[in-house]
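Open the model in your viewer and set the display to cartoon, with side chains available on demand. The tour goes from a strand to its partners, and then to the cysteines.

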Amino acid sequence: MQVAVLMSTFNGEKYIGEQINSILYQEDVTVDLYVRDDGSTDKTGEILREYKERIKIILGDNIGVGASFMWLVYNVPMDYDYYAFSDQDDIWLSEKLLKAIKRIEAVEEINTPILYGSNQVLISAQGEVTGVRFEHTPNISYKQIMCQNKITGCTMVWNRQLQTFLKEEKRRPSTKLLYNRMHDVWVAMAAAAIGKIVYDDIGYIHYRQHENNVVGVKKTNLLKQWMEKILNPSIRNGRSILCKEIYQCFNDLIYDCDMKRDLECYGFYNESKESKNRLIHDRSLIQITGEHTLAFLMKVKLGLF
């Protein structure tokens, strides 16, 4: 099987060599590693050039992590059986891609867009194992992805069928959304809308936690999130923008009537009193957010959903 691995880098000199080596030595698959550097100012570029005979390097301007990853999605060739995201600071176990491919192949639905995601083994900055990301199988429903995605980008592997739709120009997210929501949220939501997601409770990636993680495992401070949204309009309405753009980009491919109705409601809730009222009373959604009902109500009323 031929796999295109897509990595965006930014000032990753400390760990990137170890990660590249772990990708290049994957078992029983042929890997082409595409690396887009997002304007690094450290020695990342020098380290990448040490691998210039074995990887494909694109040096770009700083456009942000989400946009950088999606640039790779749009520009890699359609010559591969599978595609995968990679962070710059983790370590892949040698069977990571092979395990993912076998899980995707086990799905008997022919021509279905399929996304694989998995658990992660947590390691410290020094490489010491500290635990696993999820002790129990996480919720991977579209409502969960919208509120707080549990399918981490660095574990994602997807088939050519899904790649075909992700790459189409008419189905691409806006720059505004990629600033507000990460690339992996878009890919997961798209897969939930038009295909199938398979999740692996076993992690084949050592997910490094350090002071410079872009995302990482962080505790959520709801009050802090509220203040950030109030002070910064560009990060407001992330959930509704996501739903609106998924609905607009994939409406013709969404066959789940309940999901289509939800996406329209959540995405355009500010344009309809009926939709806003339905959103306010969506108990399953409130439960997923983990927010108090009154706090959720205020968020919708203030246009912060």
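Start by selecting residues 205-208, which form strand β11 in this predicted model. Show the side chains: Ile205 and Tyr207 lie on one side of the strand, His206 and Arg208 on the other, and all four are buried. Both faces of β11 are therefore covered, buried being under 20% relative accessible area.

Next, add residues 91-92, strand β5. Strands β5 and β11 run antiparallel and are joined by two bridges. To find one of the contacts, pick tryptophan 92; its bridge partner in β11 is isoleucine 205.

Now add residues 121-123, strand β7. Here the pairing with β11 is parallel, with three bridges between the two strands. Select isoleucine 123 and look across to β11, where arginine 208 stands opposite. Isoleucine 205 and arginine 208, the β11 residues reached in these two steps, are both among the buried residues picked at the start.

Leave the strands and turn to the cysteines. How many disulfides does the structure hold? The number is zero.

Select cysteine 249 and cysteine 243 together. The sulfur of cysteine 243 is the nearest cysteine sulfur to cysteine 249, at 12 Å, and cysteine 249 is in no disulfide. With 10% relative accessibility, cysteine 249 counts as buried.

Finish at cysteine 257. Is this residue buried or exposed? Its relative accessibility is 60%, so cysteine 257 counts as exposed. Why does its sulfur form no bond? The closest cysteine sulfur, in cysteine 265, is 15 Å away, which is too far; a disulfide needs the two sulfur atoms within 2.5 Å.

Methods: Residues numbered from 1 in each chain as written. Predicted model: local features only at pLDDT ≥ 70, side-chain atom pairs only at ≥ 80, totals over all residues. Heavy atoms only, no water. Buried < 20%, exposed > 50% of the residue type's maximum accessible area, 1.4 Å probe, protein only. Pairing = 2+ DSSP bridges.
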